[in-house]
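Work through these exercises with the structure open beside you. Try each task before reading its solution.

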Amino acid sequence: MKVGDLVRCTWQPRTEKVDPITGNCIEMKYVILNKLGIITKIFDGRVYTIFFPDIGIEHPLATSAFEVISEGG
């Protein structure tokens with residue numbers, strides 16, 4: 001997998017992020033399950049940042065939470 005690959009999310013996260021001030025989890029506002037996205041960043045080969053253009057957000061996901069649909073250029 002590499003930056004630019006088209007992927008489909010196969011898992012719906014319950015949290016969007018952790019509040020840096022309180023340390024509390026912030027509930028996910030968007031449904032990304034089954035949405036198409038594009039890999040934009042890779043961290044340690046295990047965590048990928050996926051951009052979901054139809055809702056305009058980026059979200060980090062582990063490789064077990066998405067499947068590659070097509071490989072980018």
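**Exercise 1.** Find how the side chains of Glu58 and Lys41 meet, and give the N to O distance.

*Solution.*
- This is a predicted model, and in it Glu58 and Lys41 form a salt bridge, with N and O 3.8 Å apart.
- That passes the test, because the cut-off for a salt bridge is 4 Å.
- Now place the partners. Glu58 sits in strand 6 and Lys41 in strand 4. They are 17 residues apart, so distant parts of the chain are linked.
- Check their surroundings. Glu58 is partly exposed, at 41% relative accessible area. Lys41 is also partly exposed, at 39%.

**Exercise 2.** Which parts of the chain does the pair of Lys35 and Asp54 tie together?

*Solution.*
- Start with the contact. The side chains of Lys35 and Asp54 form a salt bridge, 3.3 Å from N to O.
- Lys35 is in the loop between strand 3 (25–27) and strand 4 (36–43). Asp54 is in the loop between strand 5 (47–52) and strand 6 (57–62).
- The pair therefore ties together parts 19 residues apart in sequence.
- Lys35 has a relative accessible area of 25%, which means partly exposed.

**Exercise 3.** Locate the partners of the salt bridge between Arg8 and Glu67, then say how many salt bridges the count comes to.

*Solution.*
- The side chains of Arg8 and Glu67 meet at 3.7 Å, N to O.
- Arg8 belongs to strand 1 (residues 6–9) and Glu67 to strand 7 (residues 66–70). The two are 59 residues apart, and their pair links distant parts of the chain.
- Both ends are partly exposed: Arg8 has 28% relative accessible area, and Glu67 has 38%.
- Add one further group: a network of salt bridges links Lys2, Asp5 and Glu71.
- The count for the structure comes to six salt bridges.

**Exercise 4.** Which strand gives the most to the largest nonpolar core?

*Solution.*
- List the members. The largest nonpolar core has 12 residues, among them Val7, Cys9, Met28, Ile32, Ile39 and Tyr48. It also includes Ile50, Phe52, Ile57, Leu61, Ala65 and Phe66.
- Sort by strand. Strand 1, strand 5 and strand 6 each supply at least two residues.
- Strand 5 gives the most, with three residues.

**Exercise 5.** Are the rings of Tyr48 and Phe66 stacked or edge-to-face?

*Solution.*
- The count comes to one aromatic pair.
- In that pair, the ring centres of Tyr48 and Phe66 lie 5.4 Å apart. Their planes meet at 75°, so the pair is edge-to-face.
- Tyr48 is in strand 5 and Phe66 in strand 7. The pair links distant parts of the chain, 18 residues apart.
- Both Tyr48 and Phe66 are buried.
- Look around Tyr48, leaving aside neighbours within four places in sequence. Its contacts include Met1, Ile39, Lys41, His59, Leu61 and Phe66.

**Exercise 6.** Explain why Cys9 and Cys25 do not form a bond.

*Solution.*
- A disulfide is a covalent bond between the sulfur atoms of two cysteines.
- Take the distance. The closest cysteine sulfur to that of Cys9 is in Cys25, 17 Å away, which is too far for a bond.
- The cut-off for a disulfide is 2.5 Å.
- Turn to Cys25: this residue is in no disulfide. The structure holds zero disulfides.
- Compare the settings. Cys9 is buried, at 1% relative accessible area, whereas Cys25 is exposed, at 55%.

**Exercise 7.** Is Thr49 buried or exposed, and what does Thr49 touch?

*Solution.*
- Thr49 lies in strand 5.
- Relative accessibility is 8% for Thr49, so this residue counts as buried.
- Leave out residues up to four places away in sequence. Thr49 then touches Ile38, Ile39, Thr40, Lys41, Phe43, Glu58, His59 and Pro60.
- Two of these names, Glu58 and Lys41, are the salt-bridge partners from the opening exercise.

**Exercise 8.** What separation do the C-alpha atoms of Ile26 and Glu16 have?

*Solution.*
- Ile26 is part of strand 3.
- Its C-alpha atom is 5.6 Å from that of Glu16, although the two residues are 10 apart along the chain.
- Beyond four places in sequence, Ile26 touches Arg14, Thr15, Glu16, Lys17 and Asp19.
- Ile26 counts as partly exposed, at 28% relative accessibility.

Conventions:
Residues are numbered from 1 along each chain as its sequence is written. This is a predicted model: local features need pLDDT of at least 70, side-chain atom pairs count only at pLDDT 80 or more; totals for chains, interfaces and linings use all residues. Side-chain values use heavy atoms; hydrogens and water are left out. Helices (H or I, at least four residues) and strands (E, at least two) are DSSP runs, numbered from the N terminus. Buried means under 20% relative accessible area, exposed over 50%, partly exposed in between (1.4 Å probe, protein chains only). A nonpolar core is a set of buried Ala, Val, Leu, Ile, Met, Phe, Trp, Tyr and Cys residues joined through side-chain atoms within 4.5 Å. Contact means heavy atoms within 4.5 Å. Rings of Phe, Tyr and Trp (its six-membered ring) pair if their centres lie within 6.5 Å; planes under 30 degrees apart count as stacked, over 60 as edge-to-face and the rest as tilted.
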